[in-house]
Amino acid sequence: MTSQQTTKRKPGRVRRAVIAGAVALTLSAGGATAWALDRFVVQHVEISDVSAYQASQAGTAQSGTAESGTTTASSDGTGTKAVTTDTSYTSDSSNISISTVTTGSGDSTVTYYVADVVLDDATALQSAFANDSFGENITETTSAIAEANNAIFAINGDYYGFRDTGIVIRNGVVFRDEGARQGLAFYRDGTVKVYDETSTTAEQLLADGVWNTLSFGPSLLDNGEVASGIEDVEVDTNFGNHSIQGEQPRTAVGIIDENHLVFVVVDGRSPGYSAGVTMTGLAEIMQGLGATTAYNIDGGGSSTMYFNGGLVNNPLGENKERGTSDILYIAG
């Protein structure tokens with residue numbers, strides 16, 4: 001696999017960069033300050049009611065309720081009863097099992113969280129946007145977005161709102177068609193494939209049966225083997241950001257079989273609790289879990305797993321979430 005570049009402008013880092021340099025920018029560039037704020041901080045809402053827009057485009061609907069507690073029974077949206085424990089969820093439409101893994105010792109300790117998910121219908125894996133709005137620099141925490149959508153389980157998405165490129169298809173509806181990088185496509189039949197965004201269109205993907213896409217990367221596994229060149233990938237080299245090399249908090253999606261997925265969130269930047277992993281380390285985790293295809297999505301302070309009303313992981317060792325623009329989730 002060849003190296004690639006993507007652009008991802010994270011408000012947390014950018015705000016710090018903008019604030020730290022505000023005086024210099026004002027003195028030396030004048031309008032540059034306003035430009036930076038507009039590009040990296042100010043919300044640009046393109047669709048203010050995504051739920052209504054999706055319903056008008058595809059007749060999609062979200063339903064179901066999630067109840068808290070050690071063991072609960074609730075409707076899963078099909079009229080049947082779902083059983084929830086502290087680490088699992090079982091219904092006619094999905095089975096979720098969450099586990100915690102700790103390896104190493106001292107400052108080399110790594111802690112990560114695994115959600116093994118089996119779906120009856122691939123469209124049970126849905127996506128939602130912060131504030132139910134589509135655009136740039138619109139953020140909420142993973143937990144807030146999950147709760148607003150009655151999610152029993154969720155992870156952070158690809159932070160689509162930090163860039164203006166990529167193919168964005170969510171819940172069978174096209175929101176952006178600007179192919180730029182290696183993407184991940186979830187199909188209605190339960191298959192999941194890594195693809196080249198620049199060689200197709202959103203319209204063609206929909207015709208082929210795509211339900212959701214992610215635009216980030218890189219691909220971590222090729223036919224079950226660790227992909228070559230992943231340590232050389234440069235991401236976030238734009239204003240106010242940095243690359244993703246080294247040991248970092250990370251989020252990944254893996255595919256074991258049709259409708260059998262595995263989601264991993266690795267905590268990091270917290271010596272003694274979790275140092276984080278390299279891209280190769282993340283690929284090896286996914287490989288060890290039995291994934292044949294795996295894909296890296298937004299990481300750092302955004303890496304978050306949510307289950308049954310609360311955080312599963314401990315972002316940056318501070319138990320505090322950073323805002324993101326989107327999530328993948330399963331309704332309860």
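This briefing covers model confidence, the nonpolar cores and the setting of S91. The structure is a predicted model. Its chain has an average pLDDT of 86, and 80% of the residues score at least 70. The largest nonpolar core holds 29 residues. Another core, of 19 residues, lies apart from it.

**Confidence**
- Residues 1-28 stay under 50 in pLDDT. The model gives this stretch 78 contacts beyond four places in sequence.
- Residues 60-72 also have pLDDT below 50. Beyond near neighbours in sequence, the model shows 40 contacts for them.

**Nonpolar cores**
- Within the 29-residue core, the residues with the most contacts are I96, F153, I155, F186 and F263.
- Strand β7, spanning residues 110-119, gives the most to this core. Its share is four residues.
- F186 reaches many partners outside its neighbours within four places in sequence. Among them are L125, T191, V192, G209, V210 and W211. N212, L214, V253, L261 and L328 are also in contact with F186.
- The separate 19-residue core includes V110, A227, V277 and A294.

**S91 and its loop**
- S91 sits in the loop between β5 (88-90) and β6 (94-103).
- Its relative accessible area is 8%. The cut-off for buried is under 20%, so S91 counts as buried.
- The side chains of S91 and S93 are joined by a polar contact of 3.1 Å.

Note on methods
Residues are numbered from 1 along each chain as its sequence is written. Side-chain values use heavy atoms; hydrogens and water are left out. Helices (H or I, at least four residues) and strands (E, at least two) are DSSP runs, numbered from the N terminus. Buried means under 20% relative accessible area, exposed over 50%, partly exposed in between (1.4 Å probe, protein chains only). A polar contact is a pair of N or O atoms within 3.5 Å; within protein, one must be able to donate a hydrogen and the other to accept it, and residues adjacent in sequence count only if both atoms are side-chain atoms. A nonpolar core is a set of buried Ala, Val, Leu, Ile, Met, Phe, Trp, Tyr and Cys residues joined through side-chain atoms within 4.5 Å. Contact means heavy atoms within 4.5 Å. pLDDT is the predictor's confidence in each residue, from 0 to 100.
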